[in-house]
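Dear colleague,

Please find below the structure I promised to hand over, followed by some notes on what was found in it.

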Amino acid sequence: MAVEIGELRSLLDGRWAGIRDEVRAQIEASPLLRPAHGLPVEEHRARVMEQARMVSQTRSARLFFPREYGGEGDMGAALTAFQTIALVDLSLLVKIGVQYGLFGGVIRRLGTKRHHERYLRAAMTMELPGCFAMTETGHGSDVQSIRTIATYEPEHQEFVIHTPDDDARKDYIGNVARDGRLAAVFAQLITGGARRGVHVLLVPVRDERGQPCPNVRIEDCGHKGGLNGVDNGRLWFDQVHVPREALLDRFGSVAPDGTYCSPIANETRRFFTMLGTLVSGRVSVAGAALSAAKLALAIAIHYGSTRRQFRAPGRDEEVILLDYLQHQRRLLPALATTYALHFAQEALVVSLHDAGDGDSPDEPVSRPSRPGTVRKPSRRAVKPAAAPAIFPSTG
Ligand SMILES: Cc1cc2nc3c(=O)[nH]c(=O)nc-3n(C[C@H](O)[C@H](O)[C@H](O)COP(=O)(O)OP(=O)(O)OC[C@H]3O[C@@H](n4cnc5c(N)ncnc54)[C@H](O)[C@@H]3O)c2cc1C
């Protein structure tokens, strides 16, 4: 049966075909976006940062961010663009995934209007390279058990961020070793002597000159088994002071006197609501893995359909590799699985998009009248924050 290539392509490109075409055209037109193999680690990192800055000037970056802050707020198109960029270099994908999906994403989803006004535009343009510091050496999958501490001091209206020991250092954090300036740090919040569970605070890790901030220790994870264009690093905090406003307080806020308040009374529910912000990251990693599989299969199948080896009995011509059953058994089930996963991924992106991820983030969140109680969302306008500044005072 003959396949109509145009129809198959439009079926595969799906709902966000336009952005796929746009990104493919950018890749084709730009020598910087061509894969470069075998670069030394530092050269690879510099190239990927240059590529990321280039992407930050395109629609692919804007799609991740809300319209109020210069973006286009289209999560389906953002994830599709991201998946297409994976065709360049998976290091580039992780670099922009950390910047837009994780760093920008956690500010958008867990922060409130003052954080959005201060940081989202700078995150989108890469003027403010950021990190998403969740994982610790001792705890990766089990985020609820991380041990970095953020203790509130009402007398100074500051949080003190501290790494109690090496097991609690932040580990394998993208953008830390070279480029990151501000980190979204996951820590156990303590106010009034009580533990409030895992919360996220914005902590400057490098100054404008690229030097580590006072009491912040940075270590490079160095050469890795792959993704060497990403500057993964480790972080230690030695009683680092940040202002009260550094807490991303959509789901848990601290009043100047230290009173803790959350629209979600149950700590475990609150934790999983916060972690729900990682869903789009997980979907995008699946999409990127799929792009890598497609690229590998396209190369292998194209090569297998042109390369010849051995003459069949009674024939002059050598046999094409793909005519060998062994070769077919290796590649064709993988090709069929990849088609199936492609449509499953598209369905996942459609449902995430239609669920409203990427919409305006500044809807007021319900605040309980008493700590631990829940009331209906209020429509009261939020007072605009002061003029945006990139580096918050570290107190
Ligand atoms: C290239 C790279 C970049 C990264 N960038 C970042 C970043 O920017 N920010 C950040 O915060 N982190 C980052 N990480 C860390 C990453 O998030 C963690 O590696 C990940 O969460 C897993 O944690 P872990 O490595 O401690 O593995 P562990 O939690 O020790 O898990 C190891 C394995 O144990 C098994 N396991 C664990 N728990 C369970 C369970 N409940 N059920 C069944 N099996 C289980 C699984 O096989 C799992 O794969 C990065 C990691 C890499 C490799």
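A backbone N or O atom of Phe132 lies 2.7 Å from a nitrogen atom of the ligand, and please keep in mind throughout that this is a predicted model. Two further backbone approaches to the ligand can be described in the same way: a backbone N or O atom of Met134 comes to 3.0 Å from an oxygen atom of the ligand, while for Tyr172 a backbone N or O atom sits 2.9 Å from a ligand nitrogen atom. The protein covers 40% of the 980 Å² of accessible area that the ligand has on its own. The residues that surround the ligand are Val98, Phe132, Met134, Thr135, Gly140, Ser141, Tyr172, Ile173, Gly174, Leu227 and Asn232, and this shell is made up of 6 nonpolar and 5 polar residues, with no charged ones.

Turning to the charged side chains, the structure holds 28 salt bridges, and I have picked out a few pairs for you.

In one of these pairs, the side chains of Arg15 and Asp354 meet at 2.9 Å, N to O. Arg15 belongs to the loop between helix 1 (5-13) and helix 2 (17-29), whereas Asp354 belongs to helix 10, so the salt bridge ties together parts of the chain that are 339 residues apart in sequence. Arg15 counts as partly exposed, because its relative accessibility is 46%.

A second pair joins Asp220 and Arg45, whose side chains form a salt bridge at 2.8 Å, N to O. This pair also links distant parts of the chain, with Asp220 in strand 7 (residues 216-220) and Arg45 in helix 3 (residues 41-56), 175 residues apart. Which of the two terms, buried or partly exposed, applies to Arg45? Arg45 counts as buried, because its relative accessibility is 2%, whereas Asp220, with a relative accessible area of 35%, is partly exposed. Both residues also belong to a network of salt bridges that links Glu42, Arg45, Lys95, Arg178, Asp179, Asp220 and Asp231.

A third pair is that of Arg59 and Glu72, whose side chains meet in a salt bridge at 3.0 Å, N to O. Here Arg59 lies in helix 4 (residues 59-62) and Glu72 in the loop between helix 4 and helix 5 (75-85), and the two are 13 residues apart. Arg59 is partly exposed, given its relative accessible area of 24%.

Two other places may be of use when you look through the model. On the surface, Leu11, Tyr339 and Phe343 make a nonpolar patch of about 280 Å². Of these residues, Tyr339 has its place in helix 10 (residues 325-354), and with a relative accessible area of 34% Tyr339 is partly exposed. Ile161, by contrast, has 0% relative accessibility and therefore counts as buried; its place is in strand 3 (residues 158-162). Between Ile161 and Gly105 there are 22 Å in space, C-alpha to C-alpha, and the two residues are 56 apart in sequence.

With best wishes

Note on methods
Residues are numbered from 1 along each chain as its sequence is written. This is a predicted model: local features need pLDDT of at least 70, side-chain atom pairs count only at pLDDT 80 or more; totals for chains, interfaces and linings use all residues. Side-chain values use heavy atoms; hydrogens and water are left out. A residue is near a molecule or strand if one of its heavy atoms lies within 4 Å of it. A polar contact is a pair of N or O atoms within 3.5 Å; within protein, one must be able to donate a hydrogen and the other to accept it, and residues adjacent in sequence count only if both atoms are side-chain atoms. Accessible areas come from the Shrake-Rupley method with a 1.4 Å probe; for residues, only the protein chains shown count as cover. Ala, Val, Leu, Ile, Met, Phe, Trp, Tyr, Cys and Pro count as nonpolar, Asp, Glu, Lys and Arg as charged, and the others, Gly among them, as polar. Patches are made of residues with over 30% relative accessible area and no salt bridge: like charges are joined within 9 Å, nonpolar side chains (Val, Leu, Ile, Met, Phe, Trp, Tyr) within 5 Å. A salt bridge is a side-chain nitrogen of Lys or Arg within 4 Å of a carboxyl oxygen of Asp or Glu. Helices (H or I, at least four residues) and strands (E, at least two) are DSSP runs, numbered from the N terminus. Buried means under 20% relative accessible area, exposed over 50%, partly exposed in between (1.4 Å probe, protein chains only).
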